[in-house]
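Trainee: Hi, could you walk me through this structure? I'd like to start with the rings.

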Amino acid sequence: MMEDWNHFLLPYQQAVDELKVKLRGMRKQFRDLSQHEPIEFVTGRVKPVDSIKEKMVRRKVQEDRLEQDMQDIAGLRIMCQFVEDIYQVVDLLRKRTDMTILEERDYISNEKPSGYRSYHIVIEYPVQMVGGEKKILAEIQVRTLAMNFWATIEHSLNYKYQGDFPENLSQRLQRAAEAAFSLDKEMSEIREEIQEAQSLFSYGKGSQTDAQSPTKEDQEP
């Protein structure tokens, strides 16, 4: 059995910390260029040890294959305003030279039966440790705020029912997922007007030099 989980997870935490800085830096570059920011905010986490152990049992992952077979020990989540932003972010990630994309799964165009939608990217990321470079796997999920709201609720319910939802609840979740995606599509239809309004709003805030309201960077989790 794993003797020192803290030591094992150290490069994963370093990867999450570095990637959050880099992905948030991408957003800042768009802001500095006065362009629409396709990234709303970024979060990241290292999977808790109990969750790793549970998934090892459920997926029959051997300990000596853990680094290769469990792709989401390091997880990043990028939230976007519009569906179009998701694909723009994916294109930006494809062009980066500091990570290698190993796999892409488009659950937006091909949603899961439950109604889940998101874009998953598995990357190989090099971490510089005192003993040398270590390449680890990480998963980046890119989704809209509406998709994330639904996924967060579904994830909580999944813990309660252990994936075995009552039929009525399962149907209601599917309908809620469709409603969330309908909202995303409706927002896309008026995307240009929304972006113009946001640009005017940001310009107005910027002109008030004595304003003390917190920035988006201050507010993000």
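Trainee: So how many aromatic pairs does a search of the whole structure find?

Mentor: Five aromatic pairs turn up. Rings of Phe, Tyr and Trp (its six-membered ring) pair if their centres lie within 6.5 Å; planes under 30 degrees apart are stacked, over 60 edge-to-face, the rest tilted. This is a predicted model, where local features need pLDDT of at least 70 and side-chain atom pairs pLDDT 80 or more, while totals for chains, interfaces and linings use all residues. Residues are numbered from 1 along each chain as its sequence is written, and side-chain values use heavy atoms, without hydrogens or water.

Trainee: What kind of pair do tyrosine 107 and tyrosine 116 form?

Mentor: An edge-to-face one, 6.1 Å centre to centre with 65° between the planes.

Trainee: Are those two tyrosines buried or exposed?

Mentor: Tyrosine 107 and tyrosine 116 are both buried, meaning under 20% relative accessible area with a 1.4 Å probe, protein chains only (exposed is over 50%, partly exposed in between).

Trainee: And which residues do ring pairs link into a cluster?

Mentor: Trp5, Phe8 and Tyr12.

Trainee: New topic: how many residues does the largest nonpolar core have?

Mentor: It has 40, and Leu66, Ile73, Ile78, Leu93 and Ile140 have the most contacts inside it. Such a core is a set of buried Ala, Val, Leu, Ile, Met, Phe, Trp, Tyr and Cys residues joined through side-chain atoms within 4.5 Å.

Trainee: Where does the largest share of this core come from?

Mentor: From H1, with nine residues. Helices (H or I, at least four residues) and strands (E, at least two) are DSSP runs numbered from the N terminus.
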